[in-house]
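Dear colleague,

I am passing on the structure below, and after it you will find an account of what came out of going through it. Please read the account with the structure open beside you.

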Amino acid sequence: MIDRPLETPDIAIEVEDPKAMTVEVPGLTVEFGEEETPEDELIEHNANLAEHLDAATLGSLGNELVQAFDADRQSRKDWEDAYTKGLELLGLKIEDRTTPWPGACGVYYPILSEAVIRFQSQTIMETFPAGGPVKTKIVGEITPEREKQAERVENELNYQVQEKMTEFRPEMEQMLFQLPLAGSAFKKTYFDENLQRAVSAFVPAEDFVVSYGTTELESCPRYTHIMRLYPNEVRKFQNSGFYLNIDLPTPSPEYSEIQKKKDQLTGAQKPTVEYDDRHSILEMHVDYDLPGFEDVDEDGEPTGIALPYIVSIERSSKKVLSVRRNWEDDDDLKRRKSYFTHYKYLPGLGFYGSGLIHLIGGIAKSSTSILRQLVDAGTLSNLPGGLKARGLRVKGDDTPIQPGEFRDVDVPSGSIRDNILPLPYKEPSQDRKSTRLNSSHV
């Protein structure tokens, strides 16, 4: 008996795509290929999601967030007004007053400026000593290895802050000057792609907008950093892919009342678009349920939970330039990354702290008024005015009489005393009740 091999059916293999292959067997079809991946998983975690959103979604997002920004700014209006009015009490600008007469006293009592300078000088010495601002502390068991590690960390961080981050101390000094005035100040720490190093920049309170009823940044659903960038800077971000490469309108600079008051006190004129063509960019850190990138559960169903994003918007046109995830890629809890540090001079009734303007602004204003009254009283006492008879003629009566000078007087009748009546001005003497205010208690 001769064994013969069993006859097997022919197998047809068709290769249509190098990445996918189909094998057909009678009664069975097998397909080999790459597993399909959802579209949102193909997008890098740090990518600009604005490139994957349609124009309608971006337009709705820009309008909604700008309206929320305006509402946040309006909520702090009273705090902003008090801060704006209090800046005048610093006396940074020499005032030539014309009321109640030209040349009236325009000095300011320096109680506010003295307190600010004292706070700044003492604080910078404590926070930035000669050895460096960074000090390490070992938590747990102290071993020689840990001590050496702590020393290396301390030396490296001090080197970075003192040598590499050249802006750290100037920004800190500027912050310490405005902190006691406004009551709040912010530092933004981040890695700059252009400089390829960490940067710690000062952000004044007027450029950091938060709803006044917020208690802290960690639980705040939305806060905004107002950045002013020149068109060339915006163009660099667009070419690098950080911003959308879209056309923007002619910049229309936006200035808060606080910034206008600062410009006025420092002698700066109100800039025009011709000379200040900076874009106002709203960098908004928000919790948002972004369409197409919703948070999902284990079954792939949307949970409706808002996730942290950083959305950059051009203020005048409300155009969205970038939308980026603001949590670590491996963080399952998707917790927000924080780039801002909030410094408070004294906790206030709302989110922003209370500064010297809010605490002793009234005293500074009253002290200035008393000082001006004393100087004006001395002026009137030294150069008194009064009434004279119509027929009395004094040679050069339009100019004050100099010490040791005698002038000719034509008296129509009687004595000179009967034709001149000095007004009864009070001189600033010890007989007057005055209050001396000392700023040493501040």
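**Helix α6 and the three-stranded sheet**

In this predicted model, helix α6 lies across β4, β5 and β11, and its direction makes about 155° with that of β4. The three strands belong to an open sheet with the order β5-β4-β11, in which the pairing is antiparallel. Because β5 (197–203) and β11 (340–344) each have a single partner strand, they stand at the edges, and one side of each is left without a neighbour in the sheet. Direction ignored, neighbouring strands here are turned by 20° against each other on average. The pairing of β4 (residues 184–192) with β5, which run antiparallel, rests on 7 bridges, and within it T189 has S200 of β5 as its bridge partner.

**Helix α5**

Helix α5 also involves α6, since the buried residues of α5 pack against α6. How far apart are the end C-alpha atoms of α5, and does that agree with, or depart from, the span expected for its 21 residues? The helix, residues 144–164, should span 30 Å at 1.5 Å a residue, and its end C-alpha atoms are 29 Å apart, which agrees. Its buried residues are A150, N158 and V161, and because they cover an arc of only 65° around the axis, they lie on the same side of α5. On the other side of the helix, P144, E145, K148, R152 and E163 are exposed.

**The five-stranded sheet**

A second part of the account concerns another open sheet, of 5 strands, with the order β6-β7-β8-β9-β10 and antiparallel pairing. Its edge strands are β6 and β10 (319–325), each of which pairs on one side only, and the twist from one strand to the next averages 20°. Helix α2 (residues 55–75) packs on this sheet, where it touches β6, β7, β8, β9 and β10, and its direction makes about 95° with that of β8. Helix α7 (residues 231–239) lies across β7 and β8, running at about 115° to β7.

Strand β8 (residues 279–288) deserves a separate look: 9 of its 10 residues are buried, so the strand is largely enclosed by the rest of the structure. With strand β7 (residues 222–229) it pairs in the antiparallel sense over 8 bridges, and in that pairing L229 stands opposite H279 of β8. Strand β9 (residues 307–314) is likewise joined to β8 by 8 bridges, and the two run antiparallel; in this case I281 stands opposite E314 of β9.

**The nonpolar cores**

In soluble globular proteins, nonpolar side chains tend to be buried together. The largest nonpolar core in this model has 28 residues, and those with the most contacts inside it are Y83, L112, F208 and V210. Two or more residues of this core come from each of α3 (77–86), α4 (111–127), α6 (168–182), β6 (208–210), α8 (257–265) and α9 (356–382). Apart from it lies another core, of 26 residues, which includes A47, I226, L307 and I313.

Which residues does F208 touch, once those up to four places away in sequence are not counted? They are R76, F186, V203, L217, Y223, T224, F340 and Y352.

**Two residues with positive phi**

Two lysines may be worth checking by eye. K318, found in the loop between β9 and β10, has a phi near 60°, a positive value in a residue other than glycine, and at 32% relative accessibility K318 counts as partly exposed. K334, whose place is in the loop between β10 and β11, has a positive phi of about 55° although it is not a glycine; with a relative accessibility of 27%, K334 also counts as partly exposed.

**The chain as a whole**

The chain has 9 helices and 15 strands, and buried residues make up 34% of its 442 residues. Of the contacts in the chain with a separation of 6 or more, 65% are between residues 24 or more positions apart.

With best regards

Technical notes: Residues are numbered from 1 along each chain as its sequence is written. This is a predicted model: local features need pLDDT of at least 70, side-chain atom pairs count only at pLDDT 80 or more; totals for chains, interfaces and linings use all residues. Side-chain values use heavy atoms; hydrogens and water are left out. A nonpolar core is a set of buried Ala, Val, Leu, Ile, Met, Phe, Trp, Tyr and Cys residues joined through side-chain atoms within 4.5 Å. Buried means under 20% relative accessible area, exposed over 50%, partly exposed in between (1.4 Å probe, protein chains only). Helices (H or I, at least four residues) and strands (E, at least two) are DSSP runs, numbered from the N terminus. Contact means heavy atoms within 4.5 Å. The expected span of a helix is 1.5 Å times one less than its number of residues. The arc is that of the directions from the helix axis to the C-beta atoms. Two strands pair if DSSP finds at least two bridges between them. Axes are lines fitted to C-alpha atoms, for helices over the stretch in contact, and angles run from 0 to 180 degrees between N-to-C directions.
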